[in-house]
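Student: I have a structure here that is new to me. Can you take me through it step by step?

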Amino acid sequence: MMADDHEQIYADFKEAVNMAPAELEKFLETDESQEVGQKKNGSDESVGHDSGRKIVAIKRKKKADLTDDDYAHMKKVVGYVHRHLKQGGPDKDVEHSPWRYSLMNWGHDPLKD
């Protein structure tokens, strides 16, 4: 990836991920976090939950220490958050919805918007 791409991905990631690392880490420990999302290849962990752990690690790194793999994941996170938000959540009880919990696994709490 080129440096220009990194700058745009970094800016988009900062905008999409509105949860602090400690806040996301705490959420990842909840039943709500672990009950949503698709699981791959017989794994006990959903794709989103795994992503949340990666997001915490990325957010705790200095920008200069981010790798191409980190930027690739950041780009994936931005795409997921944007697609999921566009689909829209439930009309009622957004606060306790699987839609919100799934977004939160990816570092975005729609109630903060």
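The questions below go from the core to the salt bridges.

Student: What kind of model is this?
Tutor: Keep one thing in mind from the start. The model is predicted.

Student: Which helix supplies the largest share of the largest nonpolar core?
Tutor: This core has 24 residues. Helices α1, α2, α4, α5 and α6 each supply at least two of them. The largest share is six residues, and it comes from α5.

Student: Which residues of this core touch the most other members?
Tutor: Look for the members with the most contacts inside the core. There are six names to find, spread along the chain from Phe13 to Val81. They are Phe13, Leu24, Ile55, Met74, Val77 and Val81.

Student: Which residues does Val81 touch, not counting those up to four places away in sequence?
Tutor: Val81 is among the residues with the most partners in the core. Leave out its sequence neighbours, up to four places away. What remains is Ala16, Leu103, Trp106 and His108.

Student: How many salt bridges are there?
Tutor: A pair counts when a side-chain nitrogen of Lys or Arg is within 4 Å of a carboxyl oxygen of Asp or Glu. By this rule the count is eight.

Student: How many residues apart in sequence are the parts that Glu23 and Lys112 tie together?
Tutor: Glu23 and Lys112 form a salt bridge, with their closest N and O atoms 2.8 Å apart. Glu23 is in helix α2 and Lys112 is in the segment after α6, so the pair ties together parts well separated in sequence: they are 89 residues apart.

Student: Is Lys112 buried, partly exposed or exposed?
Tutor: Its relative accessible area is 41%. Buried means under 20% and exposed means over 50%. So Lys112 is partly exposed.

Student: Is Asp70 buried or exposed?
Tutor: Asp70 meets Lys61 in a salt bridge, 2.6 Å from N to O. Lys61 is partly exposed, at 34%. Asp70 has a relative accessible area of 11%, and the cut-off for buried is under 20%. So Asp70 is buried.

Student: Which residues are linked in a network of salt bridges?
Tutor: Start from one pair: Arg53 and Glu45 meet in a salt bridge at 2.8 Å, N to O. Arg53 is partly exposed at 44%, and Glu45 is partly exposed at 25%. The network they belong to links Glu45, Asp50, Arg53 and Lys54.

Technical notes
Residues are numbered from 1 along each chain as its sequence is written. This is a predicted model: local features need pLDDT of at least 70, side-chain atom pairs count only at pLDDT 80 or more; totals for chains, interfaces and linings use all residues. Side-chain values use heavy atoms; hydrogens and water are left out. A nonpolar core is a set of buried Ala, Val, Leu, Ile, Met, Phe, Trp, Tyr and Cys residues joined through side-chain atoms within 4.5 Å. Buried means under 20% relative accessible area, exposed over 50%, partly exposed in between (1.4 Å probe, protein chains only). Helices (H or I, at least four residues) and strands (E, at least two) are DSSP runs, numbered from the N terminus. Contact means heavy atoms within 4.5 Å.
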